[in-house]
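User: I'd like a close look at one part of this model rather than a tour of everything. Could you pick out the central strand pairing and walk me through what surrounds it?

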Amino acid sequence: MPTWFVMRDLRRANAKEHAVDILAARGYEVFTPLVVRTKTERGRKVTVKRPFISDLLFVHATRTTLDPVVSELDFLQYRFIRGGRMGEVMQVREDEMQAFMRAVSSDAPFQYFKPEEVSPAMYGKKIRIVGGTLDGLEGRLMSRRGSKVRRLLVDMGGLLSAGVEVEPEYIQIVE
């Protein structure tokens with residue numbers, strides 16, 4: 001059964017072709033968290049989408065179909081669990097991955113957070129979104145001192161979190 005594997009693309013950011021493009025061309029379902037950046041090209045400001053973490057990507061496949069590709073492409077590697085059993089490959093549960101992808105692909109403004117950027121004090125009450133484009137998503141209400149914006153914090157297995165802005169009328173407290 002296919003699962004979401006956490007992978008590393010060791011190519012440089014300015015390479016002509018990345019592992020995401022190669023795997024997508026071969027028919028794999030691939031996801032990489034993107035952010036919009038502004039850069040100057042020929043004296044003009046241009047907005048481009050860049051990976052939030054340059055070498056991070058997620059591939060939906062089985063290990064038996066992905067192993068030959070990893071051995072063929074020397075710049076593609078599995079990420080392994082630090083402190084886990086020897087050779088234990090990082091994976092993300094299907095429901096966590098689907099919720100995360102849905103949250104960051106919505107029209108609502110969002111912000112990525114690395115695990116070290118989210119303190120336990122930022123985790124608020126457990127909530128569910130009722131209505132709107134994020135209907136049915138569950139997570140924690142992100143609490144930040146001085147912020148008037150309500151954010152749903154969607155965590156992806158301790159690898160990455162996304163804080164998505166939500167309207168207060170869509171928030172339902174679960175706990």
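What follows is a walk through strand β5 and its surroundings.

Analyst: Sure, and one caveat up front: this is a predicted model. For the overall setting, the protein chain has three helices and 13 strands. Its C-alpha atoms fill a box of roughly 50 × 50 × 30 Å along the principal axes. Of the 175 residues in the chain, 37% are buried. Take the contacts between residues at least 6 apart in sequence: 62% of them join residues at least 24 apart.

Now to β5 itself. Six of the six residues of β5 are buried, so the strand is largely enclosed by the rest of the structure. The side chains split into two sets: L56, F58 and H60 point one way, while L57, V59 and A61 point the other way, and all are buried. That fits a general pattern: in a regular strand the side chains alternate between the two faces of the sheet.

Which strands pair with β5? One is β1, which runs antiparallel to β5 and is joined to it by six bridges. Within that pairing, V6 stands opposite F58, and R8 stands opposite L56. Another is β2 (residues 29–31), also antiparallel to β5, with three bridges between them. There, E29 has H60 as its bridge partner. Notice that F58 and H60, which take part in these two pairings as partners of V6 and E29, point the same way from β5.

β1 deserves its own moment. Six of the seven residues of β1 are buried, so β1 too is largely enclosed by the rest of the structure. Besides β5, β1 pairs with β7 (residues 91–92) in the antiparallel sense over two bridges, and F5 stands opposite Q91 there. β1 also pairs with β6, again antiparallel, over three bridges. In that pairing R8 turns up once more, with Q77 as its bridge partner in β6. So R8 has a partner in β5, namely L56, and one in β6, namely Q77.

Next, the packing. The largest nonpolar core has 29 residues, and F31, F58, V92, M97 and F100 touch the most other members. At least two residues of this core come from each of β1 (3–9), β5 (56–61), α3 (94–105), β9 (123–129), β11 (151–156) and β12 (160–165). The biggest contributor is α3, which gives six residues. M97 is a handy way to see how the pieces meet: leaving out residues up to four places away in sequence, M97 touches W4, F31, F58, V92 and M156. There is also a second, separate core of 17 residues, which includes F5, L23, V70 and F75. As background, nonpolar side chains in soluble globular proteins tend to be buried together.

F75, from that second core, leads back to the strand pairings. F75 sits in the loop between α2 (63–72) and β6 (76–78). Is F75 buried or exposed? It is buried, because its relative accessible area is 9%, and the cut-off for buried is under 20%. Setting aside neighbours within four places in sequence, F75 is in contact with R8, D9, L10, R11, A19 and I22. R8 is thus one of the residues F75 contacts, as well as being the residue opposite L56 in β5. As for β5's own A61, F75 is 14 residues from A61 in sequence and 18 Å away in space, C-alpha to C-alpha.

Then there's the largest pocket, with about 320 Å³ of space. Its lining is I53, L56, R79, F80, R82, M90, K114, P115, E116, G158 and L159. By class, that makes six nonpolar, one polar and four charged residues. The link to our strand is L56, which lines this pocket and is one of the buried residues of β5.

For contrast, have a look at the β3–β4 hairpin. Eight bridges join β3 (residues 34–41) to β4 (residues 44–51), and the two run antiparallel. V35 stands opposite R50 in that pairing. Two residues lie between the strands, and R42 in the turn has a positive phi of about 55°, although R42 is not a glycine. R42 is exposed, with a relative accessible area of 88%, whereas the residues of β5 are buried.

Terms used: Residues are numbered from 1 along each chain as its sequence is written. This is a predicted model: local features need pLDDT of at least 70, side-chain atom pairs count only at pLDDT 80 or more; totals for chains, interfaces and linings use all residues. Side-chain values use heavy atoms; hydrogens and water are left out. On a 1 Å grid over the protein atoms alone, a cavity is a set of points where a 1.4 Å probe fits but cannot get out, and a pocket is an open set with protein on both sides within 12 Å along at least five of seven lines; lining residues have an atom within 4 Å of a point. Grid points are joined across faces, edges and corners, and a volume is the space filled by probe spheres set on the points. Ala, Val, Leu, Ile, Met, Phe, Trp, Tyr, Cys and Pro count as nonpolar, Asp, Glu, Lys and Arg as charged, and the others, Gly among them, as polar. A nonpolar core is a set of buried Ala, Val, Leu, Ile, Met, Phe, Trp, Tyr and Cys residues joined through side-chain atoms within 4.5 Å. Buried means under 20% relative accessible area, exposed over 50%, partly exposed in between (1.4 Å probe, protein chains only). Helices (H or I, at least four residues) and strands (E, at least two) are DSSP runs, numbered from the N terminus. Contact means heavy atoms within 4.5 Å. Two strands pair if DSSP finds at least two bridges between them.
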